[in-house]
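Colleague: Got a minute? I'd like to walk through this model with you before I go back to the bench.

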Amino acid sequence: MLSIFFFYFGEYPYLTEFLIWVNSVYGNDKALINEYTVLFGTAGIGTFLGAIALRFAVEKIRRAILTTIAYAVGMLLGVLLSVYLVLQNNTTIAFVAMFLTNFIGVGWSNQMNYLNGTENVPTYARATSFAFSDGFAHLGAAISTAIILDFIPTLGSLGTWVLFQVPMVVMGIVLVFVLPNTIGQSLEKVNEAEAGI
């Protein structure tokens with residue numbers, strides 16, 4: 001639940017307020033803002049492609065490790081590069097960074113969170129567990145989207161955007177130590193409870 005909470009804490013501001021931030025950086029250059037808007041929207045295709053690409057690894061690599069990679073490489077590194085390259089006004093490479101963020105960060109993380117939120121609890125509680133975890137986790141999105149832009153005058157653009165990604169990476173590392181390895185395992189053997197059915 002906390003992993004999804006902190007993922008949404010970093011993901012939602014990127015998906016919903018990144019272009020508001022771009023507008024604050026280049027407010028007088030409408031053509032450039034339009035270009036970044038098109039590039040950001042087009043990079044969203046990476047989410048779809050990333051989810052498909054994950055299919056080739058999801059049954060071979062421990063899910064907690066894939067989640068941590070998605071958080072660290074996709075979200076933390078992807079957002080860091082996206083912000084830095086927008087500040088450098090390098091539209092072409094900024095697009096590549098935005099695509100990376102969507103491909104691995106959003107495309108992989110969402111799928112991994114859904115898997116982690118269901119396969120690590122007994123069968124009889126899976127739907128309830130995921131509904132509770134995902135529902136509570138959306139508070140992370142509500143909190144972060146309400147406050148992220150207020151941090152920029154104090155921490156700067158790069159510092160703020162990176163800071164909001166760090167908690168999810170920490171939680172990804174925690175997952176490696178607390179979640180069982182479910183690759184090639186029967187979920188009933190991994191986590192089925194004897195009582196409460």
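Modeller: Sure. One definition to start with: buried means under 20% relative accessible area, exposed means over 50%, and partly exposed is in between. Also keep in mind that this is a predicted model.

Colleague: Okay, let's use that on asparagine 89. Is asparagine 89 buried, exposed or partly exposed?

Modeller: Asparagine 89 counts as partly exposed, because its relative accessibility is 37%, and the partly exposed class runs between 20% and 50%.

Colleague: And where does asparagine 89 lie?

Modeller: In the loop between α4 and α5. The backbone there has a feature to note: asparagine 89 has a positive phi, about 55 degrees, although it is not a glycine.

Colleague: Let's zoom out. How many helices and strands are in the protein chain?

Modeller: Eight helices and zero strands. Reading along the sequence you get α-α-α-α-α-α-α-α.

Colleague: What about the overall dimensions of the C-alpha trace?

Modeller: Along its principal axes the trace spans about 65 × 30 × 25 Å. The radius of gyration is 18 Å, which agrees with the value near 16 Å for a compact globule of 197 residues.

Colleague: How much of the chain is buried?

Modeller: 45% of the 197 residues count as buried. As for contacts between residues at least 6 apart in sequence, 81% join residues at least 24 apart.

Colleague: Can you show me one pair that is far apart in sequence?

Modeller: Take tyrosine 12 and alanine 142: they are 130 residues apart in sequence, yet 8.4 Å apart in space, C-alpha to C-alpha. Tyrosine 12 is in helix α1.

Colleague: Which residues is tyrosine 12 in contact with, leaving aside neighbours within four places in sequence?

Modeller: Glu17, His138, Ala141 and Thr145. With histidine 138 there is a side-chain to side-chain polar contact of 3.0 Å. Tyrosine 12 is partly exposed, since its relative accessible area is 27%.

Colleague: New topic: serine 82. Buried or exposed?

Modeller: Serine 82 counts as buried, because its relative accessibility is 0%. You'll find serine 82 in helix α4, which covers residues 63–87.

Colleague: What lies 2.8 Å from a polar atom of its side chain?

Modeller: The backbone oxygen of glycine 78. Leaving aside neighbours within four places in sequence, serine 82 also touches Tyr14, Phe18, Ala94, Ala97, Met98 and Thr101.

Colleague: Now pockets. What's the volume of the largest pocket?

Modeller: About 230 Å³. The elements giving two or more residues to its lining are α1, α5, α6 and α7, and α7 supplies the largest share, with four residues.

Colleague: How many residues line the largest pocket, and which lie nearest its centre?

Modeller: 16 residues line the pocket, and Met1, Ser3, Asn116, Leu175 and Leu179 lie nearest the centre. By class, the lining has nine nonpolar, seven polar and no charged residues.

Colleague: And how many cavities of 30 Å³ or more are there?

Modeller: A search of the whole structure finds one, and the space in the largest cavity is about 40 Å³. The cavity is lined by Arg62, Arg63, Ala64, Asn116, Glu119, Asn120, Leu179, Pro180 and Thr182.

Colleague: Which helices each supply at least two of those lining residues?

Modeller: α4 and α5. The cavity lining divides into three nonpolar, three polar and three charged residues.

How values were computed
Residues numbered from 1 in each chain as written. Predicted model: local features only at pLDDT ≥ 70, side-chain atom pairs only at ≥ 80, totals over all residues. Heavy atoms only, no water. Buried < 20%, exposed > 50% of the residue type's maximum accessible area, 1.4 Å probe, protein only. Polar contact = N/O pair within 3.5 Å; in protein donor to acceptor, adjacent residues only side chain to side chain. Contact = heavy atoms within 4.5 Å. 1 Å grid on protein atoms, 1.4 Å probe; cavity = no way out; pocket = protein on both sides within 12 Å on 5 of 7 lines; lining within 4 Å. Points joined across faces, edges and corners; volume = space filled by probe spheres on them. Nonpolar A, V, L, I, M, F, W, Y, C, P; charged D, E, K, R; others polar. Rg over C-alpha atoms; globule rule 2.2 N^0.38 Å.
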